[in-house]
Amino acid sequence: MMNNLFSIFDPSTNLFNLPLNWMSTFICMMFIPLSFWLTPNRYFIMWNLISNKLNNEFKTLLGPNKSKGSTFIFISLFFFVLFNNFLGLYPYIFTSTSHLNISLTISLTLWLSFMIFGWINNTQNMFIHMIPQGTPAILMPFMVLIETISNIIRPGTLAVRLTANMIAGHLLLTLLSSTSTNMPYYLIIFLIIIQILLLILESAVAIIQAYVISILSTLYSSEVN
C-alpha cells in the first residue's frame, strides 16, 4: 500500500517519458506568451501588482543600500516555485517541488552564494553574527557552535519544508480518492466535497510555501550585508 501511495511522486521509468517529467519544471514559461507583455490586460496588471508588492517588501528586508535589481532574483524565485507548486495540483503532471532534487538544489545554491559572498566581502560582519551582543564570555564558544550549526542546516530546512508540505497534501488527496471505490453514493458525494476543500487548501499552501521560501532567502541574504 505504501509503495503504491508514494509511487505518485516517482518520475516515469519509461525512457521516452523520463526527460519530460523534469521538463514540467520549466513548462511555466509556456504560460506567458509574448502577447502577455506587449498587450496590457488584467493578467498583466495582476502580475505587475504582485511583483510590485513583493519588490517593496523585499527592498525593506534587504535595506536601502541594495541596488534596484537585488530583489529580482527573489521575485523570480517566488514565481518559479509558485508555478511548479500549482502545476502539481493538476492531474498527470509531475510535481517537481515535491522532490529534494529541486528544492535542495534551489536552497543550497542560494545559501552557498550568500555564504561565499558574505565571508569574502564582509568577513568581520559574519564573525559578529556568530556571537549575539551581550553574550557572557563563558558562553561564547557554545554560541559560536550553535550559530554555526543553525547556519549550516538552513538549506536543509528550506528544502524539507517545501518538499514536506507539497507531499503531505498530495498524499491526503490520494488516500481519500483510493478509499472511495466501495462506498455508497451519498458518501462519495461527501468525499468529493472534502476533496474540493482540500484542493482549495492545497492552493493556499502552494502560495504560502512559495512566499516562505522567497522571504526566508531574502532574510538570509540581508544577514550577509
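Is Thr 163 buried or exposed? Thr 163 is buried: its relative accessible area is 7%, and the cut-off for buried is under 20%. The model behind this value is a predicted one.

## Thr 163 and its surroundings

Thr 163 sits in helix α9, which covers residues 154-178. Setting aside neighbours within four places in sequence, Thr 163 touches Thr 97, Ser 98, His 99, Leu 100 and Ser 103. One of these, Leu 100, is where helix α6 (residues 100-121) begins.

Ser 96 gives a further reference point. Its C-alpha atom is 9.2 Å from that of Thr 163. Along the chain, the two residues are 67 residues apart.

## Overall fold

The protein has 10 helices and 0 strands. Its pattern along the sequence is α-α-α-α-α-α-α-α-α-α. Of its 225 residues, 33% are buried.

Contacts across the sequence deserve a mention too. Take the contacts with a separation of 6 or more: 75% of them join residues 24 or more positions apart.

## Confidence

Mean pLDDT for the protein is 79. A value of 70 or more is reached by 79% of the residues. Among the elements, helix α6 has the highest mean, at 89. Helix α1 (residues 2-6) has the lowest, at 52.

Residues 13-17 fall below a pLDDT of 50. Beyond near neighbours in sequence, this stretch has 1 contact in the model.

## Helix α5 against helix α6

Helix α5 (residues 72-87) packs with α6 at an angle of about 170 degrees. Their axes are 13 Å apart. The angle is over 145 degrees, so the two helices count as roughly antiparallel.

From α5, the contact uses Ile 73, Phe 74, Leu 77 and Phe 80. From α6, it uses Ile 106, Leu 110 and Phe 114. By class, this contact has 7 nonpolar residues, with no polar and no charged ones.

## Helix α6 against helix α7

Helix α6 also meets helix α7 (residues 123-130). Here the axes come within 5 Å and cross at roughly 110 degrees. That angle lies in the range 65 to 115, so α6 is roughly perpendicular to α7.

On the α6 side are Met 115, Gly 118, Trp 119, Ile 120 and Asn 121. On the α7 side are Thr 123, Met 126, Phe 127 and Met 130. The contact of α6 with α7 has 6 nonpolar and 3 polar residues. It has no charged residues.

## The salt bridge

How many salt bridges does a search of the whole structure find? It finds 1. Glu 223 pairs with Arg 154, and their closest N and O atoms are 2.9 Å apart. Glu 223 belongs to helix α10 (residues 185-223) and Arg 154 to helix α9, so the bridge ties together parts that are 69 residues apart in sequence.

Which partner is buried, and which is partly exposed? Arg 154 is buried, with a relative accessible area of 17%. Glu 223 is partly exposed, at 28% relative accessibility. Helix α9 therefore holds both Arg 154 and the buried Thr 163.

How values were computed. Residues numbered from 1 in each chain as written. Predicted model: local features only at pLDDT ≥ 70, side-chain atom pairs only at ≥ 80, totals over all residues. Heavy atoms only, no water. Helix = DSSP H or I, 4+ residues; strand = E, 2+ residues; numbered from the N terminus. Buried < 20%, exposed > 50% of the residue type's maximum accessible area, 1.4 Å probe, protein only. Contact = heavy atoms within 4.5 Å. pLDDT = per-residue confidence, 0-100. Salt bridge = Lys/Arg side-chain N within 4 Å of Asp/Glu carboxyl O. Axes fitted to C-alpha atoms, helices over the stretch in contact; angles between N-to-C directions. Parallel < 35°, antiparallel > 145°, perpendicular 65-115°, else oblique. Nonpolar A, V, L, I, M, F, W, Y, C, P; charged D, E, K, R; others polar.
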